[in-house]
Amino acid sequence: MNLSDKLTNSARKLLRIFRRNKNPRQLLLRKMSKGSVCAEIGVWKGDYSDLILTITSPKKLHLIDPL
């Protein structure tokens, strides 16, 4: 049994969309609810953190940068 056998129909559809999209991370952010609580693990320079703030306008954003 591979991974796609274990996925629900909606998860399979989302996976196909991500594979076709040139920037799936931005697409994921656009699917998120505005004003939600978000977390990013591995912040590094904060470029993706800026996208999270811009696109999702989170209520809270937890930034975690493990060393």
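Start by selecting Glu40 and Leu63: in E2, Leu63 is the bridge partner of Glu40. Keep in mind as you look around that this is a predicted model. Now show E1 (37–41) and E2 (residues 60–64) in full. The two strands pair in the parallel sense, and five bridges join them. To get from E1 to E2, the chain passes through H4, and this β-α-β crossover is right-handed. Another pair to pick out is Ile41 and, opposite it in E2, Ile64.

**Colour by confidence**

Next, colour the chain by pLDDT. The average for the protein chain is 85, and 91% of the residues score at least 70. Strand E2 has the highest confidence, with a mean of 96. The lowest is in helix H1 (residues 3–6), where the mean is 63, so to speak a place for a more careful eye.

**The two faces of E1**

Turn on the side chains of E1. Which residues point to one face and are buried? They are Cys38 and Glu40. Val37, Ala39 and Ile41 point to the other face and are not buried. In a regular strand, side chains alternate between the two faces of the sheet in this way.

**Stop at Ser49**

Move to helix H4 (residues 47–56) and select Ser49. With a relative accessible area of 6%, Ser49 is buried. Show its side chain together with that of Glu40: the two make a polar contact at 2.4 Å. Beyond its sequence neighbours up to four places away, Ser49 touches Glu40, Val43, Leu61 and Leu63. Leu63 is a residue you have already met, as the bridge partner of Glu40.

**The nonpolar core**

Now select Leu29, Cys38, Tyr48, Ile52 and Ile55. These five residues make up the largest nonpolar core. H4 supplies the largest share of this core, three residues. Stay on Cys38 for a moment and list its contacts, leaving out residues up to four places away in sequence: Cys38 touches Met32, Ile52, Thr56, Pro58, Lys60, Leu61 and His62.

**Just before E1**

Step back along the chain to Ser36, in the loop between helix H3 (24–31) and strand E1. Is Ser36 buried or exposed? Ser36 is buried, because its relative accessible area is 18% and the cut-off for buried is under 20%. Select Lys59 as well: its C-alpha atom and that of Ser36 are separated by 5.4 Å, although the two residues are 23 apart along the chain. Outside the stretch of four places on either side in sequence, Ser36 touches Pro58, Lys59 and Lys60.

**Two loop residues with positive phi**

Most residues other than glycine have a negative phi. Two stops on this tour go the other way.

- Trp44 is in the loop between E1 and H4. Its phi is positive, about 50 degrees, although Trp44 is not a glycine. Trp44 counts as exposed, with 70% relative accessibility.
- Ser57 is in the loop between H4 and E2. Its phi is also positive, near 45 degrees, and Ser57 is not a glycine either. At 40% relative accessibility, Ser57 counts as partly exposed.

**Last stop: Leu7**

Finish toward the start of the chain with Leu7, in the loop between H1 and helix H2 (9–20). Leu7 is partly exposed, its relative accessible area being 22%. Show Arg12 and Leu15 too: Leu7 touches both, not counting residues up to four places away in sequence.

How values were computed. Residues numbered from 1 in each chain as written. Predicted model: local features only at pLDDT ≥ 70, side-chain atom pairs only at ≥ 80, totals over all residues. Heavy atoms only, no water. pLDDT = per-residue confidence, 0-100. Helix = DSSP H or I, 4+ residues; strand = E, 2+ residues; numbered from the N terminus. Buried < 20%, exposed > 50% of the residue type's maximum accessible area, 1.4 Å probe, protein only. Contact = heavy atoms within 4.5 Å. Polar contact = N/O pair within 3.5 Å; in protein donor to acceptor, adjacent residues only side chain to side chain. Pairing = 2+ DSSP bridges. Right-handed = clockwise from strand over helix to strand, strands pointing away. Core = buried A, V, L, I, M, F, W, Y, C linked by side-chain atoms within 4.5 Å.
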